[in-house]
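Trainee: Please give me a close look at a single part of this model. Pick the part that is best enclosed and walk me outward from there.

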Amino acid sequence: MGKNLKRRIAVIFIGAGVAAAVILLLDGLLSSTAKMVSAQSEQHIITKMAEFLKGYGYECEEMPDEVCDYTVPTEFDGVMTIYNDLQKSQGFDLEKYKGKTVRRFSFKIKNYPDTNEEVFANLLFLDGEIIGGDVCTRALDGFMEGFDRSKGQSGIMKKAMAQVG
């Protein structure tokens, strides 16, 4: 092999190595930036939800107790129909989200009156909007109601479930 051919091969290998290093570096930077933007977006969502709950007089923990994805059923059984009736009483309707995966944020309420049980606000979120939710305890004999206690929704789900039997 001639000197020029060896030199060209060496330049090609060095160039390929530099290109690979640049690609890996950019991938790492883009991934870190995406994670940072995602974390900022999630913090914005959490702040928005805390403000929403504050509008109903609730004080909640700064961070959600639980965050999970939930797929709204494509067909509503009796329980889901009753739950959606609760949503409709609050100006929401989960019918239009059938089959969609939404994110549920559960916040511990710090100032819920007249109970010694832990009370949580569950907010359903999709595409930048709160699309539904409830206030409840996690006890088997607990309650679930809408956000606005002044509408007399206290225990609405418990009463409805008793009717379903």
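Mentor: Start with the surface. The accessible surface of the protein comes to about 10,700 Å², and 56% of that belongs to carbon and sulfur atoms. The areas come from Shrake-Rupley with a 1.4 Å probe, and for residues only the protein chains shown count as cover. This is a predicted model, where local features need pLDDT of at least 70, side-chain atom pairs need 80 or more, and totals for chains, interfaces and linings use all residues. Numbering runs from 1 along each chain as its sequence is written, and side-chain values use heavy atoms, without hydrogens or water.

Next, the layout. The protein has three helices and five strands. These are DSSP runs, numbered from the N terminus (helices H or I, at least four residues; strands E, at least two). The order from the N terminus is α-β-α-β-β-β-β-α. Of the 165 residues, 30% are buried; buried means under 20% relative accessible area, exposed over 50%, partly exposed in between (1.4 Å probe, protein chains only).

Now the part itself: strand E3, residues 119-126. Eight of its eight residues are buried, so E3 is largely enclosed by the rest of the structure. Both faces are covered. One side carries Val119, Ala121, Leu123 and Phe125; the other carries Phe120, Asn122, Leu124 and Leu126.

What joins E3 to E2 and to E4? Seven bridges link E3 to strand E2 (residues 101-109), and the two run antiparallel. Pairing requires at least two DSSP bridges. Here Phe105 stands opposite Leu123. Eight bridges link E3 to strand E4 (residues 129-137), again antiparallel. Phe120 of E3 faces Cys136 of E4. The E3-E4 hairpin has two residues between the strands, and Asp127 takes a positive phi near 50° there.

Look at Cys136 again. Its relative accessible area is 7%, so Cys136 is buried. Cys68 counts as partly exposed because its relative accessibility is 24%. The count of disulfides (cysteine sulfur atoms within 2.5 Å) is zero.

Then the packing. In soluble globular proteins, nonpolar side chains tend to be buried together. A nonpolar core here is a set of buried Ala, Val, Leu, Ile, Met, Phe, Trp, Tyr and Cys residues joined through side-chain atoms within 4.5 Å. The largest core has 19 residues; Met49, Leu53, Phe107, Ile109, Leu123 and Val135 touch the most other members. Helix H1 (3-54), E2, E3 and E4 each give two or more residues to this core. Met49 touches Phe105, Phe107, Leu123, Phe125 and Ile130, leaving out residues up to four places away in sequence. Contact means heavy atoms within 4.5 Å. Apart from the largest core lies another, of eleven residues, including Leu86, Tyr97, Leu124 and Ile131. So E3 has Leu123 in the largest core and Leu124 in the other.

Two loop residues finish the tour. Gln90 sits in the loop between H2 and E2. At 14% relative accessible area, Gln90 is buried. Its side chain reaches the backbone oxygen of Gly133 at 3.0 Å. Phe76 lies in the loop between strand E1 (66-71) and helix H2 (78-89). Phe76 counts as buried because its relative accessibility is 15%. Beyond four places in sequence, Phe76 touches Thr81, Asn84, Leu94, Glu95 and Lys98. Phe76 and Glu95 are 19 residues apart in sequence and 8.5 Å apart C-alpha to C-alpha.

Key: A polar contact is a pair of N or O atoms within 3.5 Å; within protein, one must be able to donate a hydrogen and the other to accept it, and residues adjacent in sequence count only if both atoms are side-chain atoms.
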